[in-house]
Amino acid sequence: MARPKFIFLLLSVVAAVWLSKFFKIAQSLKMVAVDHLYAKELKIASLAVKRASVLTKGLSDSIVELSKSGTQIKNDKSPVTVGDYASQALINKAIKLSFPDDNIVGEEDSLSLKDGSEEANALSKRILDLLSETQQKTGKSSEDLGELKDLKEVYESIDFGNYEGGSKGRFWALDPIDGTKGFLRGDQFAVCLALIEDGKVVLGVIGCPNLPEHIVLNDKQSGTKGGLFSAVKGVGSFYTPLFETDEFVPLKDQEKIKMTSETSSATLKVVEGVEKGHSSHSTQSQIKLKLGFSEDTVAQQTINLDSQVKYCVLAKGQADIYLRLPVSDTYREKIWDHAAGYILIYESGGQVGDIGGQALDFGKGRQLDSKGVIAANKAIFPKVIEAVKDVLSQDA
């Protein structure tokens, strides 16, 4: 009779050990999603990008409505200028409030706003009015993000973005409105923010105010408009609706997203920019043919999008390849145009490099010391780089 009792006790001990291991694993996974090293940075960055997205979306929509009504929009890009300055001011204010020792590499500075001219004074007033309106709409975030009350504060906040970057220390890279043409026509644009430590991107947040939830083709898009995409080094990439709530959504309540592992030229999809001035579309067409795309179907396998929205579509598994070929030998990309998208791709299982396949280096200052940008799922990335090299060598 003692033997069955001994076996029962032994099985109980084994079960207890395995249950203990299971709960430890489950707890560790929970800790990764909730209590990672950059929890506060992610919360502030997400709320700041959400607030700036509310501002830029409202401004973009108003420009489109004016155009529809027949009102002429000035050719001086003043709507974009107002949006850029206001978005940068909001986000820089939030960063400096929570992380006063952090530096920021931003696209704008306030010099032209302070020259005393009639145009500068008018722009400044429009910026302050827009900031006041947005801060009122997003008042729940003010405790975390602060508020800008006067022009002196606004100018100071904009100029927090004057850092030159580098390979040492910690700084943020901000693009307050990425995709100017998309912004003006009510199409795709993005608010992009990334945290860089010792030249390495460790966190990225991208707000895409007009991006539909489901992207299949250029003319087949559906679902909730507006997405917030986040990535944290070693944690993963995530998606949540941008405008569903004013509050921060913890990663455990967001959708974890992954790139595909597709390699078949019959089903691969490529994202490219809309503007030809940003990338060589003719060269990209040759690369797609080199990869085996059919001339009969390649147009249906190409999705044209403005801004870092392209990275988001890849990270979500809705496309496989991003081609951005240099338009000249001297052109260099700005770090704020790629930093947030870069980590979003890596943390979703993809790979990013220049036209030679080398990883992008964000520790060289305000620009990338590389030509072009190629992103793809890891299964197809080497083949894409090979095709790029072949085509470019023929053009040389």
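## Helix packing and sheets in a predicted model

The axes of helix 4 (residues 118-137) and helix 6 (residues 151-158) cross at roughly 90 degrees and come within 10 Å of each other. Helix 4 is therefore roughly perpendicular to helix 6. On the helix 4 side, the residues that meet helix 6 are Ser 124, Ile 127, Leu 128 and Leu 131. Their counterparts in helix 6 are Leu 151, Val 154 and Tyr 155. Sorted by class, this contact has six nonpolar residues, one polar residue and no charged residues.

Helix 6 also contains Ser 157. With a relative accessibility of 2%, Ser 157 falls under the 20% limit and so counts as buried. Leaving out residues up to four places away in sequence, Ser 157 touches Ala 89, Asn 92, Lys 93 and Leu 148.

**Confidence and overall make-up**

The model is predicted. The chain has a mean pLDDT of 90, and 88% of its residues reach 70 or more. Residues 21-33 have a pLDDT below 50, and in the model this stretch has five contacts beyond near neighbours in sequence. The pLDDT is also below 50 over residues 71-76, a stretch with six contacts beyond near neighbours in sequence.

The chain has 396 residues, of which 51% count as buried. Its secondary structure comprises 11 helices and 12 strands. Of the contacts between residues at least 6 apart in sequence, 72% join residues at least 24 apart.

**The seven-stranded sheet**

Seven strands form an open sheet with mixed pairing, in the order 1-2-3-4-5-6-7. Strand 1 (103-105) and strand 7 (255-257) are the edge strands, each pairing on one side only. From one strand to the next, the twist averages 30 degrees.

Strand 4 (residues 200-217) belongs to this sheet. Of its 18 residues, 14 are buried, so strand 4 is largely enclosed by the rest of the structure. Strand 4 pairs with strand 3 (residues 190-197) in the antiparallel sense over seven bridges. Within that pairing, Cys 192 has Ile 206 of strand 4 as its bridge partner, and Val 191 stands opposite Gly 207 in strand 4. Strand 3 and strand 4 form a hairpin with two residues between them. One residue of the turn, Asp 198, has a positive phi of about 50 degrees.

Strand 4 also pairs with strand 5 (residues 220-232), again in the antiparallel sense, over 10 bridges. Here Ile 215 stands opposite Gln 221 in strand 5. Strand 4 and strand 5 likewise form a hairpin with two residues between them.

Two helices lie across strands of this sheet. Helix 2 (residues 39-68) lies across strand 2 (170-178), strand 3, strand 4, strand 5 and strand 6 (236-241). Helix 10 (residues 339-347) lies across strand 2, strand 3, strand 4, strand 5 and strand 6. Their angles to strand 4 are as follows.

| Helix | Residues | Angle to strand 4 |
|---|---|---|
| Helix 2 | residues 39-68 | about 40 degrees |
| Helix 10 | residues 339-347 | about 80 degrees |

An angle from 65 to 115 degrees counts as roughly perpendicular, so helix 10, at about 80 degrees, is roughly perpendicular to strand 4. Helix 2, at about 40 degrees, is oblique to strand 4, because its angle falls outside the ranges for roughly parallel, roughly antiparallel and roughly perpendicular.

**The five-stranded sheet**

Five strands form an open sheet in the order 9-8-10-12-11, and its pairing is mixed. The edges are strand 9 (302-304) and strand 11 (350-353), each of which pairs on one side only. The twist in this sheet averages 20 degrees from one strand to the next. Strand 8 (residues 270-272) and strand 10 (residues 321-324) run parallel and are joined by two bridges. In this pair, the bridge partner of Val 271 is Tyr 322 in strand 10.

Conventions. Residues are numbered from 1 along each chain as its sequence is written. This is a predicted model: local features need pLDDT of at least 70, side-chain atom pairs count only at pLDDT 80 or more; totals for chains, interfaces and linings use all residues. Side-chain values use heavy atoms; hydrogens and water are left out. pLDDT is the predictor's confidence in each residue, from 0 to 100. Contact means heavy atoms within 4.5 Å. Buried means under 20% relative accessible area, exposed over 50%, partly exposed in between (1.4 Å probe, protein chains only). Helices (H or I, at least four residues) and strands (E, at least two) are DSSP runs, numbered from the N terminus. Two strands pair if DSSP finds at least two bridges between them. Axes are lines fitted to C-alpha atoms, for helices over the stretch in contact, and angles run from 0 to 180 degrees between N-to-C directions. Angles under 35 degrees count as roughly parallel, over 145 as roughly antiparallel, 65 to 115 as roughly perpendicular and the rest as oblique. Ala, Val, Leu, Ile, Met, Phe, Trp, Tyr, Cys and Pro count as nonpolar, Asp, Glu, Lys and Arg as charged, and the others, Gly among them, as polar.
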